[in-house]
Amino acid sequence: MAAAKKKANVSGDELLEYYREMLLIRRFEEKAGQLYGMGQIGGFCHLYIGQEAVVVGLEAAAKEGDSRLTSYRDHAHMLACGMDPKGVMAELTGRKDGLSKGKGGSMHMFSKEERFYGGHGIVAAQVPIGAGLALANQYKGEDTVSFTYFGDGAANQGQVYESFNMAALWKLPVIFVIENNHYAMGTSQERSASTPDFYTRGEAFGIAGAAVDGMDVLAVKAAGELAVKHCREGNGPYVLEVKTYRYRGHSMSDPAKYRTREEVQKVKDNQDPIDMVKEMILQGKHATVDDLKSIDKEIKKTVQESADFAVASPEPDVSELYTDILV
Amino acid sequence: MAIQILMPALSPTMEEGTLAKWTVKEGDSVESGQIIAEIETDKATMEFEAIDEGVIGKLVVAEGTENVAVNSVIAVLLEDGEDASAVENASAAPASEATVTDTTPAAPIQKTAEVGFEDIPDGTTFTSTTVREALRDAMAEEMRSNENVFLMGEEVAEYQGAYKVSQGLLDEFGKKRVIDTPITEHGFAGIAVGAAFGGLNPIVEFMTFNFAMQAMDQIINSAAKTLYMSGGQMGAPMVFRGPNGAAARVGAQHSQCYAAWYAHIPGLKVVMPYSAADAKGLLKSAIRDPNPVIFLENEMLYGRSFDVPDLEDFTVPIGKAKIWREGNDVTLVSFGIGMQYALEAAEKLADEGISAEVIDLRSIRPIDYDTVINSVKKTNRCVTIEEGFPVASIGNHLSATIMERAFDYLDAPVINCTGKDVPMPYAANLEKLALVTTAEVIDAVKQVTYR
């Protein structure tokens, strides 16, 4: 694999930061799963557990002004780019204080401030939109890039290749991040993709690509930095395949019978992204076990507060039914 | 026997064209297949080849002549052994009514405010302008005043527009702002939505709205719904425009009217102008609107001229109907090319002593219900006219609204004149039957007026 093997130079502070961010995502998602079970969250709810290193690693390679957008598995992307966990959770519960006033739900949240452009419920619809954000960046003469996340399932949609073509043709500064968790809902990669290497999918359009171990946050960051450099220097788009794994089902209602418990357990035991960073921190003596415990406690508190907030927030006023349809 | 060379039809909707240039002169020998002229259609300048060989006996129509009707004699070709005397007979019939180009632009017409132009200051002059030019002018004006407005679509730049609507824009604004896309509707519609999210104001030209079906997901799910789903944080300030509805003889896949489809969607605005003034004024409003606007044009209307007011910044508000003709006996409601049948019917009905009020909705979403209801309260009768399919048509929706809001005023059921419930046939006779006609409108009016 044309992977970026080189790991990013990293300080203890950075490692602790990634640990904290990944842990926040995991605990947040666990809490969301719990609230779903309690009937506080309805509809679809797609959890990111297992994939934390992808978005945390790439956010570490981003700079102010970069834009990002993703599919319906979007809670982590929002947390990682700095959106308020309370607002995200309150949107999951469909309440007034949710980021979309309760009108978007799990799959549809946005933040102009953090340049987070959704939250898209239609598989791959975010891909041309991400290229369009890059077009806007280029048009305005900014050196910002668009992180356009999509999964291995979305990678088989036609509009992805329409976007590849135009992005290459117009040298748009867009990083197509393929989060390959190996299952398009219940269909394994082997049963849905004609070739195994998604990072080569841009080759026909002359788009450079690389694959990286998405369970290793430092490798992801390093690969992200290469991709970002490529885009910022005006070389057009880049395809970054990040090989990852989701521990939970596709959504809360997916029993995940298409894979064995052993398969999942093996990844958890040997490749868990948070354990990996934890080990590096302890081995490098960047923090003690007790230090990490207090971080865990702090994160738990943040998540619990977001849940309490999300449950306490009232449902949106009925007058909101007819607002925000047109400007 | 000398051969008549006739003005060719070079596009589905071409009825006349400009004989831009002769590439041969009288007395020249020509081979079959040799290019003898350049002819400008409503879409492009085309080379015209000789079908037969011979000597050019006479160029009947001079270079630069505009409005040369299809099938009129433009030249006479002499066959072997014929002399100039053969020209006389051949060029006699059927005579062309073409006129030589008048290069001076039509003088502005002084007009007093008329129906539908109430908002225009007294003394405003008007210039006869085609719908095509009006659309281009609207885009150019808005692009001049707002750096973030840009046009993208198939053939909009170097080709100057598949229907020449974007003619000249590339020259003025450059390729950054007039972008030729590959043939990839779903993809470029999505890219435009992203650009709109990112703070730009894209105008997306679809070569026809039939092709926009490929992009439907991006238009509906991404452009129309995001404002709501984001709780008002973020929307798509953009315009999707292009020809919609039947052209002529292009068959089922290229002849559909999508007015009712888009009208169905909360989060969109939908406009469908008839006249050039409305095309211009509404397109300028659409470009400025912070919402996604579906702007439905019509190929048959592109070449038609209407008076457009000579105002520096002429806009028409979205959501306001226009009364083209006042009347007392029946209300005719239409939009887009349907207006042609409504106005023709009203003219003929007037001869029979029936006074029809004709309303052009102009906007399909939001609809100006009040103008329609107030008119029906006056006339007590209503006929709607549109080119789209009958089931779940705009007319159906208006009928329901009139029933709810003016039931007691109705003296007859509302009749909807629509296109027929069939895919558009190719055969000329069947196509005519599939479209709504002036005669059908007149019949409907007679039914609701019990005459």
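Here is a short conversation about salt bridges and a nonpolar core in a predicted model.

User: Before we start, how are things numbered and filtered?

Analyst: Residues count from 1 along each chain as its sequence is written, while chains are lettered from A and ligands numbered from 1 in the order in which they are written. In this predicted model local features need pLDDT of at least 70, side-chain atom pairs count only at pLDDT 80 or more, totals for chains, interfaces and linings use all residues, and side-chain values use heavy atoms, leaving out hydrogens and water.

User: Why is the pair Lys63(A) and Asp143(A) called a salt bridge?

Analyst: A salt bridge needs a side-chain nitrogen of Lys or Arg within 4 Å of a carboxyl oxygen of Asp or Glu. The closest N and O atoms of Lys63(A) and Asp143(A) are 2.7 Å apart, so the pair fits the rule.

User: What makes Lys63(A) partly exposed?

Analyst: Buried means under 20% relative accessible area, exposed over 50%, and partly exposed in between (1.4 Å probe, protein chains only). Lys63(A) has 33% relative accessibility, so it counts as partly exposed.

User: Is Asp324(A) buried or exposed?

Analyst: Asp324(A) counts as buried, because its relative accessibility is 15%. Its salt-bridge partner is Lys103(A), with the closest N and O atoms 3.1 Å apart. Lys103(A) is at 13%, so it counts as buried too.

User: Which residues touch the most other members of the largest nonpolar core?

Analyst: They are Phe206(B), Ile219(B), Phe240(B) and Tyr262(B), in a core of 81 residues. Such a core is a set of buried Ala, Val, Leu, Ile, Met, Phe, Trp, Tyr and Cys residues joined through side-chain atoms within 4.5 Å.
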